[in-house]
Amino acid sequence: GRVAQRCLGASFLSGQSIRAMSGAPDVKLLIGGEFVSSKTDTWQDVVCPATQEVVSRVPETTPAEFQAAVDAAKAAFPAWRATAVPTRARVFLKLQQLIRENMEELAASVTREQGKTLADARGDVFRGLEVVEYAAGIGPDMMGEMLENVSTGIDTYSIRQPLGVTAGICPFNFPAMIPLWMFPMALATGNTMVLKPSEKDPGAAMMLADLAQQAGLPKGVLNVVHGAHGTVNAILDHPDIKAVAFVGSDAGGEHVYARGCGAGKRVQANMGAKNHAVVMPDANFEATVAALTGAAFGAAGQRCMAISAAVFVGRGTLERYAPALEAKARGLRVGAGWEAGVDVPAHPRGNWLGPTLLTGVTPDMECYREEIFGPVLVCLEVDSLEAALDLVNANPHGNGTAVFTSHGATARKFQSEVDVGMVGVNIPIPVPLPYFSFTGWRGSFRGDLQMMGKMGAQFFTRTKTVTASWRDHDPNDAIPGLAGVG
Ligand code: NAD
């Protein structure tokens, strides 16, 4: 309703009925606290994947508009940086409340533009909400260190200061969560930001930006620009932007990392994945079948932590699992995200791909080498835990992995020796809460400091180290009547 009207220019969501559509509104830019229409002549349709209806039109931000967004962020920085840490944090305390109040409208936008089920869309918002909650308590992450008496009467201490104008570049698969991975951490630590949502589904990011304004963000602290590669390159090349957070594909991330670092910026880039589940012969059968089905086919496999490769260890293990996996997969219903239990023929123009199970897969096959990013589980077989570890560790990606076993020693060896940054033990999608950081490794990440948690706060701050000597001063000099006494 109202949130959508402000940032999209027309009512297209009622919160109750997400099917009622009237025209395709233009998505606004947020510059200096105002939602403004772009003057561009290049527009891209935002399309509902279930129906092919045009939900809205997204502009390719013009160079002048982009410069205005950066200028607004730069102008807002000194006052925002000087705002007390708890005052900044309270904006996020308020924002988490507003997100809860608008949960259904946000989820409806995610489903409409991205296609996932409403339950998954609520999860998309909720996992982002947890970062907002974390940002509301950012104080401890901004603390420095101190050592008294590094020399007689001399102390050294470090303080963490924000960087200035930062930027966030988002993918299409989590339209609410990923913007919320970025701007709360950047802003709570005292930076300002220019955010670029995915050009495929910018609606949820716009609502979140609007809610952040309502929560009390001063004008210009958060700005939103739109577009595809041209806008990304403008971010990477702009000298006033000091740091870039990116989430997306390998091709996008490698480009952003190389060009952004080349321009002297800090970059954290979360990229693609091929997440392996290793199934030991002693795993709990029913629980493992359920975990693999949900993790491989849920949200159409469009999660960067989806399980896309299952490695069955030992002779006969895959034969035991394949019929149960197939039966479970056949039981899944494919349909529009907002409809419980409605079949595909209801939306003949939609984009549909049923759950797909591939057996007999070997590591040289394209279906194993590529990130399919769809509801596809490729099944491989090896004869030992060591061979499973070799396979997982030889894959270029290192985002997430899981082992299914009932033996603690097996789990411990796996957790210790696997060359992957997030590990599940009998947990298929081990995404950590934001108290931790999101720690993809190797081909799934470029940069050093990762998103959220302490590392997230470190990414958006730099350390200043002060060494101070006050030893030549007699404290009594400053007290009238005491000077010279004693
Ligand atoms: P994408 O790389 O196509 O797009 C991401 C963003 O980068 C968009 O804003 C897009 O405009 C921009 N972009 C893409 N290619 C570019 C280029 N060559 N030059 C300049 N800008 C470019 O990714 P997507 O398809 O939207 O998202 C899906 C991908 O994201 C999958 O590979 C998935 O694994 C990955 N992903 C990773 C994580 C993670 O945390 N590791 C999380 C979510 C998604």
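This tour moves through a predicted model, from its pockets to its cavities and then to a few single residues.

**The largest pocket**

Begin by selecting Gly115, Lys116, Ala299, Ala300 and Gly335, which lie nearest the centre of the largest pocket, a site lined by 42 residues. The space that this pocket holds comes to about 1,000 Å³. Next, colour strand 3 (43-47), helix 4 (103-114) and helix 10 (285-297), the elements that give two or more residues to the lining of the largest pocket. Of these, strand 3 deserves a separate selection, since with four residues it gives the most to that lining. If the lining of the largest pocket is then coloured by residue class, it divides into 19 nonpolar, 14 polar and nine charged residues.

Stay for a moment with Ala300, one of the residues nearest the centre of the largest pocket. Ala300 sits in the loop between helix 10 and strand 13 (307-313), and its backbone merits a look, for its phi is positive, at about 55 degrees, although the residue is not a glycine. With a relative accessibility of 37%, Ala300 counts as partly exposed.

**The second largest pocket**

Now move to the second largest pocket, which contains about 710 Å³ of space. Select Pro171, Phe246, Gly248, Ser249 and Gly252 to find the middle of this site, as they are the closest to its centre among the 29 residues that line it. Helix 8 (229-237), strand 10 (241-247) and helix 9 (250-262) are the elements that give two or more residues to the lining of the second largest pocket. Which element gives the most to this lining? Helix 9 does, with four residues. Coloured by class, the lining of the second largest pocket shows 13 nonpolar, eleven polar and five charged residues.

**Two cavities**

How many cavities of 30 Å³ or more does a search of the whole structure find? The search finds two, and they can be visited in turn.

For the largest cavity, with a volume of about 80 Å³, select Ala273, Gly301, Arg303, Ser308 and Glu371, which lie nearest its centre among 13 lining residues. The lining of the largest cavity is mixed by class, with six nonpolar, four polar and three charged residues.

For the second largest cavity, where about 50 Å³ of space lies, the lining can be selected in full: Arg127, Glu130, Val131, Met177, Trp181, Val431, Pro432, Leu433, Pro434 and Met452. Show helix 5 (118-135) and helix 6 (177-188) as cartoons here, as each supplies at least two residues of the lining of the second largest cavity. The largest share of that lining, three residues, comes from helix 5. By class, the lining of the second largest cavity consists of eight nonpolar residues and two charged ones, with no polar residue.

**Ser444 and Arg442**

Next, select Ser444, which is found in the loop between strand 19 (441-442) and strand 20 (445-446). Is Ser444 buried or exposed? Its relative accessibility is 0%, so Ser444 counts as buried. Draw the distance from its side chain to the backbone nitrogen of Gly398, which the side chain of Ser444 reaches at 3.1 Å. Then show what surrounds it: apart from neighbours within four places in sequence, Ser444 is in contact with Ala269, Asn270, Met271, Gly272, Ala273, His397, Gly398 and Asn399. Ala273, one of these contacts, has already been selected as one of the residues nearest the centre of the largest cavity.

From there, step to Arg442, which is found in strand 19. The phi of Arg442 is near 45 degrees, a positive value in a residue other than glycine, and at 25% relative accessibility Arg442 counts as partly exposed.

**The cysteines**

Finish with the cysteine sulfurs, for which the disulfide count comes to zero. Select Cys170, which is in no disulfide, and draw a line to the nearest cysteine sulfur, that of Cys304, 13 Å away. Cys170 counts as buried, with 7% relative accessibility.

Why is Cys261 not paired with Cys170? A disulfide requires sulfur atoms within 2.5 Å, whereas the sulfur of Cys261 is 18 Å from that of Cys170, the closest cysteine sulfur, and therefore too far for a bond. Cys261 counts as partly exposed, at 30% relative accessibility.

Technical notes
Residues numbered from 1 in each chain as written. Predicted model: local features only at pLDDT ≥ 70, side-chain atom pairs only at ≥ 80, totals over all residues. Heavy atoms only, no water. 1 Å grid on protein atoms, 1.4 Å probe; cavity = no way out; pocket = protein on both sides within 12 Å on 5 of 7 lines; lining within 4 Å. Points joined across faces, edges and corners; volume = space filled by probe spheres on them. Nonpolar A, V, L, I, M, F, W, Y, C, P; charged D, E, K, R; others polar. Buried < 20%, exposed > 50% of the residue type's maximum accessible area, 1.4 Å probe, protein only. Polar contact = N/O pair within 3.5 Å; in protein donor to acceptor, adjacent residues only side chain to side chain. Contact = heavy atoms within 4.5 Å.
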